[in-house]
Amino acid sequence: MPRNADALASERNMLDQFLDSQRNAVLAKTAGLNSAQLNQRLEPSALTLGGLLYHLALVEESWSEERYAGLESRIPWADVDWESDPDWEFHAAHDLDPEALRDRYRLACERSRAVAADASLDDRSVVPLRDGTHFSLRWMLLHLIEETARHAGHADLIREAIDGSVGD
């Protein structure tokens with residue numbers, strides 16, 4: 001449960017609290033690290049903290065802006081040849097400044113919040129899932145919680161391997 005979470009909050013507020021808690025956990029796991037540390041791998045995985053940050057920025061923008069709201073893909077995502085490199089964001093993060101990575105993720109989260117701000121949990125996406133179903137905002141928020149929490153767990157392990165840092 002997120003710190004200071006309101007256990008009696010509305011469903012919408014709980015979803016927002018839990019998602020923001022996971023977003024903050026990911027940012028905390030990258031705080032204070034330099035480029036070499038953000039690019040350090042925990043063998044045998046190719047995952048890095050920088051790659052996770054960039055991937056989660058893509059996830060936020062892709063699900064909220066593109067799929068839910070039907071907006072155009074942003075740069076750099078719009079210019080990527082996803083067919084030739086489906087994991088581009090994980091590789092491209094290697095060349096980015098650590099604070100630029102963190103800022104991009106923060107901005108993606110702000111954009112995602114803005115899309116959701118005036119919507120109802122039952123409102124449907126503009127772009128359907130592969131099966132043709134138009135998902136609800138509720139589904140999207142739960143999906144973002146799931147994806148972010150999964151990668152926050154990866155970030156825990158990678159950060160501990162880098163400098164022994166453990167905790168929230």
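Helices in these legends are DSSP runs of H or I that span at least four residues, strands are runs of E that span at least two, and both are numbered from the N terminus. By that definition Pro-76 lies in the loop between α3 and α4 (88-92), which is the subject of one of the views below. The coordinates come from a predicted model.

**Figure 1. Overall view of the predicted model, a protein with 6 helices and 0 strands.** Read along the sequence, the elements follow the pattern α-α-α-α-α-α. The radius of gyration is 16 Å, which agrees with the value near 15 Å that a compact globule of 168 residues would have. Taken along the principal axes, the C-alpha atoms fill a box of roughly 45 × 45 × 25 Å. Buried residues account for 42% of the 168 residues, and the accessible surface comes to about 9000 Å², with 51% of that area belonging to carbon and sulfur atoms. Of the contacts between residues at least 6 apart in sequence, 70% join residues that are at least 24 apart.

**Figure 2. Close-up of the largest pocket, with α3 (49-68) and α6 (137-163) contributing to its lining.** The space in this pocket amounts to about 260 Å³, and 15 residues line it, with Leu-58, Val-59, Ser-62, Trp-63 and Arg-67 lying nearest the centre. Helices α3 and α6 each supply at least two of the lining residues, and the largest share, 7 residues, comes from α3. By residue class, the lining divides into 7 nonpolar, 4 polar and 4 charged residues.

**Figure 3. Close-up of Ser-112, a buried residue in helix α5 (residues 98-117).** The relative accessible area of Ser-112 is 2%, and because this value falls under the 20% cut-off, the residue counts as buried. When its neighbours within four places in sequence are left aside, Ser-112 is in contact with Arg-23, Glu-60, Ser-64 and Leu-144.

**Figure 4. Close-up of the loop between α3 and α4, in which Ile-75, Pro-76 and Val-80 are found.** The peptide bond that joins Ile-75 and Pro-76 is cis, and its omega is about 10°. Ile-75 has a relative accessible area of 54% and is therefore exposed, the cut-off being over 50%. Val-80, in contrast, counts as buried, because its relative accessibility of 13% is under 20%. Two separations place this loop with respect to other parts of the chain. The C-alpha atoms of Ile-75 and Val-115, which are 40 residues apart in sequence, lie 18 Å apart in space. Between Val-80 and Ala-25, which are 55 residues apart along the chain, the C-alpha separation is 28 Å.

**Figure 5. Close-up of the cis peptide bond between Glu-43 and Pro-44.** The omega angle of this bond is about 5°. Pro-44 is found in the loop between α2 (35-38) and α3. A cis peptide bond also joins Ile-75 and Pro-76, where Pro-76 lies in the loop between α3 and α4.

**Figure 6. Close-up of Asp-156 in helix α6 and of Val-166 in the segment after that helix.** Asp-156 and Val-166 are 10 residues apart along the chain, and their C-alpha atoms are separated by 7.0 Å. Val-166 has a relative accessibility of 58% and therefore counts as exposed, since that class begins at values over 50%. Asp-156 has a relative accessibility of 31% and counts as partly exposed, because its value falls between the 20% and 50% cut-offs. Not counting residues up to four places away in sequence, Val-166 touches Lys-29 and Glu-160. A second separation relates Asp-156 to Ser-73, which is 83 residues away along the chain, and here the C-alpha atoms are 30 Å apart.

Terms used. Residues are numbered from 1 along each chain as its sequence is written. This is a predicted model: local features need pLDDT of at least 70, side-chain atom pairs count only at pLDDT 80 or more; totals for chains, interfaces and linings use all residues. Side-chain values use heavy atoms; hydrogens and water are left out. On a 1 Å grid over the protein atoms alone, a cavity is a set of points where a 1.4 Å probe fits but cannot get out, and a pocket is an open set with protein on both sides within 12 Å along at least five of seven lines; lining residues have an atom within 4 Å of a point. Grid points are joined across faces, edges and corners, and a volume is the space filled by probe spheres set on the points. Ala, Val, Leu, Ile, Met, Phe, Trp, Tyr, Cys and Pro count as nonpolar, Asp, Glu, Lys and Arg as charged, and the others, Gly among them, as polar. Buried means under 20% relative accessible area, exposed over 50%, partly exposed in between (1.4 Å probe, protein chains only). Contact means heavy atoms within 4.5 Å. The radius of gyration is taken over C-alpha atoms; the globule rule is 2.2 Å times the number of residues to the power 0.38. Accessible areas come from the Shrake-Rupley method with a 1.4 Å probe; for residues, only the protein chains shown count as cover.
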